[in-house]
Amino acid sequence: MTFSPRSAMSAARELLPKDARVFQILFLALLLTTGVLLRDFSLHPLQVALAFAAGLATQAFWLKRLGLGQRGFLSAIVTCCGLSLLLRSDTLWAHPLAATLAMSSKFVLRIHGKHLYNPANLGVIAAITLLPGTWVSPGQWGNDLALAVWLLMLGTIVTTRARRLDISWVFLGAFLGLVALRIVLLGQSWAIWWHQLGNGALLLFTFFMISDPMTIPNRRGPRIAYALIVAAAAIGWQYLLFRPNALIWALFLATPLVPLLDRLFAGEGFSWRGPEPAGSIPLRACATSGIPSTAVAEGWPAPARSATTASSSFPALPSLTSDAPSSRRAQPAARCR
Amino acid sequence: MPYPTIRAAWLFVAVAFLLFIAFASAPASAFCGFYVGKADAKLFNEASQVILVRDANRTVISMRNDFQGDLSEFALVVPVPAVLQKSQIHIGDPKTFERIDAYSAPRLAEYFDPNPCDVSRRERQMGAMNAAPASIAKELDSKKDKALGVTVEARYTVGEYDIAILSATESNGLEKWLRLEGYRIPSGASKALRPYIRQNLKFFVARVNLAEQAKTGFTYLRPLQFAFESERFMLPVRLGMLNAKGPQDLVVYALTRNGRVETTNYRTVKLPANVELPTYTRAEFGKFYKALFETQSKREDYRVVWTEYFWDMAWCDPCAADPLSPEELKGAGVFWLGGDEPAIGVAPGTAPPIASPRTGSGAQPVMLTRLHLRYTPETLPEDLMFQETQDRQNFQARYVLRHAWKGDAGACDAAPRYFDEVAKRREREAQTLANLTGWDLNQIRAQMNIAAAPKTMWWERLWK
């Protein structure tokens, strides 16, 4: 048996989890700990515990109810981490309620086999608009460039793994570009640009929320357009309407565009388990031929468009935490034939 | 792959819910102890003080001018969102600042340890403690104004101030105009003015009308107040940095209806508080608080806005000063107190040490957030933007002194153990003080008359 550095590298890569969410959970947990210990987050440990309890229980409830069995809890953990990082409350019940709403939205608000909203984003917006005693502290991370570099690095690992790096960089570039434009137009100091670049909340949003591959357009072109729209909406919210929490509001308001963009530009859906194995029929070719790449099963709340190949109880759940091999990948190929 | 079953998940929820019940039903612990001192804004010589009253887009700003020099040199330039009418400008009472400062100042509370030998008496005591716990003289040629791109939208004399509301198209022109008008403004002002001009903001410029000032009979300048409507919940602080020498202090008293106020573009952090300090700090609480504030700000590189106080203004516990009366709140700019509504708070001088929350009245709440920041032009590149949160959890920068029981170590079996605990506590207090203020630990110990705690090995405790 021969040894080469390349084979060692690939062996090491094999050992690492393929699912980007594992990294995401690790980094979010790290950030949550950092926030609580070093950034004085006004977060009670019980709020985190209750958010997780409610989020996981809701996921379990819906999996059982819809007969989805072994689909796992990774996404639920990611969402609960996100809610704990973002949402602040002076009560104990706001976090679990927001987690329940967020996780339920994944199973209820679905269009064309994809859940519509990023669950953490929806949970936070629902909480701050509907629940008393809740708020978001956009300044909680501060504007520390050292922290920013860490966030940038960790975020890049996750988004690279999730193969959706483009949306993060385009969004960040567009947002900071618009901030720069404003600085030039108003004749402000460039220190403001650096202040914005060091904003922990901006980077966390860029690499851990807008990059959620399940709630963004499937194809690259629309995805980039979507990033630009969210960036412009956030700038408008912040500097024209002078309202706080521009990023999460911009994402929330722009999300309904995703199914529209997916419909106009059909493309390959996302799977957390990694890219297609070599030799599989390219989905892009199939998608560009105009056949939707996602299928929806009977009994699923979303409109059953092109539900022709539904053979298993739940064939097409690209947006779920599909830990079992997805049957979805085979379907468009079958249709292509 | 093993996953938690639904049953396991529900069990998890059930446990969490029980914890929730246990937590929620815990009695709210009231602060007890006796208020002994405060560290108000007077400690910080360079501190500017602003009262910021805000509800929806209605805003009332009061600015206290602690101007020390020649009154003819005083100039105030504030960007405002629209041309203010004379009725939107008012002269406030400096006492309002003093009252609100005294009410919200960091405070010291003091406790006396009970006799450890008398358990039942201690319980009674604990129970008892819980129960009580410038007219611009000449008219300028309007042609000249136009050439400089400056439009004088309005001129008023309000109290001792001559006020002009300006709009400008060009920052160099505005700087020149202000100089020609005799305003002493620092060099480099035009660069700082430019972003505000380009945002179409107007400028509220004030200087002292010496004749009117003489009529008032006061030796100081009274606060200027102005009321306006704006979507922007912010304070333009950048202009104030132009002539800054070293770090500056700003104390913002934000009065809102719903909850705590925080900054959205900087970190807002509660000051370390509710810790026990050596009892000798009683005599030098002001010095302690100054050192604490400086050390903490420096540790955060002057990039943090500190919360010193957040409380419903109807009460306090312990009270550094009586809550403000409805008239005083109105004087501070609070506009949502209906005239026919029941009184908020208690009139000065009549409040008990711990005023209790209003119950069942139709009075609308007034929440006070006291924010304090020390900054330099480098650490505060952007004006302060605020938001009102829904947070209603009270907070105060409160520091605690605990006096030991002055009894005999041989009084009873419990006494030696008590004195052991006191020794440990005093060492802890010394370390806390050193950590908060950056003072030398050995000097603190010397002042407390305690030696450094000898390190006891585990086996010594084993065969003791």
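A crossing of two helices is called right-handed if the near helix is turned clockwise from the far one by less than a right angle. I begin with that convention, colleagues, since the first contact I shall discuss depends on it. Please keep in mind throughout that this is a predicted model.

The contact in question lies in chain A, where helix H11 spans residues 220–239 and helix H12 spans residues 246–254. Their axes come within 8 Å and cross at roughly 130 degrees. Because an angle of that kind falls outside the parallel, antiparallel and perpendicular classes, H11(A) counts as oblique to H12(A). In the sense just defined, H11(A) passes H12(A) in a right-handed crossing.

Which residues make the contact? From H11(A) come A:Tyr226, A:Ile229, A:Val230, A:Ala233, A:Ala234, A:Trp237 and A:Gln238. H12(A) answers with A:Ala246, A:Leu247, A:Trp249, A:Ala250, A:Leu251, A:Leu253 and A:Ala254. By class, the contact holds 13 nonpolar residues, one polar residue and no charged residues.

Let me now turn to the domains of chain A. The assignment gives domain 1 as residues 43–136, domain 2 as 165–264 and domain 3 as 284–337. Between the centres of domain 1 and domain 2 of chain A, taken over C-alpha atoms, the separation is 23 Å. Their contact draws 14 residues from domain 1 of chain A and 13 residues from domain 2 of chain A. On the domain 1 side, the elements that give two or more residues are helix H4 (74–86), strand E3 (114–115) and helix H6 (119–130) of chain A. H6(A) provides the largest share of that side, namely four residues. In composition, this side of domain 1 of chain A divides into eight nonpolar, five polar and one charged.

The next topic is the contact between the chains. Here 37 residues of chain A meet 36 residues of chain B. Within chain A, at least two residues each are supplied by helix H3 (45–65), strand E4 (134–136), helix H8 (165–186) and helix H9 (191–197). The largest share of the chain A side, 10 residues, comes from H3(A). That side comprises 21 nonpolar, 12 polar and four charged residues.

I close with two sheets of chain B. One is an open sheet of four strands in the order E4-E9-E8-E7, with antiparallel pairing. Strand E4 (75–80) and strand E7 (150–158) of chain B stand at its edges with a single partner strand each, so one side of each has no neighbour in the sheet. On average, and ignoring direction, neighbouring strands of this sheet are turned by 20 degrees against each other.

At one edge, six bridges join E4(B) to strand E9 (residues 202–208) of chain B, and B:Pro79 has B:Phe203 as its bridge partner in E9(B). At the other, E7(B) pairs with strand E8 (residues 161–168) of chain B over eight bridges, with B:Val152 partnered by B:Leu166 in E8(B). E7(B) and E8(B) form a hairpin with two residues between them, and B:Gly159 in the turn has a positive phi of about 60 degrees.

The other sheet is open and has three strands, ordered E11-E18-E13 in chain B, again with antiparallel pairing. Which strands stand at its edges? They are strand E11 (234–235) and strand E13 (261–263) of chain B, each with a single partner strand. Two bridges join E11(B) to strand E18 (residues 384–388) of chain B, where the bridge partner of B:Leu235 is B:Leu384.

Methods: Residues are numbered from 1 along each chain as its sequence is written. Chains are lettered from A and ligands numbered from 1 in the order in which they are written. This is a predicted model: local features need pLDDT of at least 70, side-chain atom pairs count only at pLDDT 80 or more; totals for chains, interfaces and linings use all residues. Two strands pair if DSSP finds at least two bridges between them. Axes are lines fitted to C-alpha atoms, for helices over the stretch in contact, and angles run from 0 to 180 degrees between N-to-C directions. Angles under 35 degrees count as roughly parallel, over 145 as roughly antiparallel, 65 to 115 as roughly perpendicular and the rest as oblique. Two residues are in contact if their C-beta atoms, placed from the backbone, lie within 7 Å. Ala, Val, Leu, Ile, Met, Phe, Trp, Tyr, Cys and Pro count as nonpolar, Asp, Glu, Lys and Arg as charged, and the others, Gly among them, as polar. Domain bounds come from an automatic or database domain assignment.
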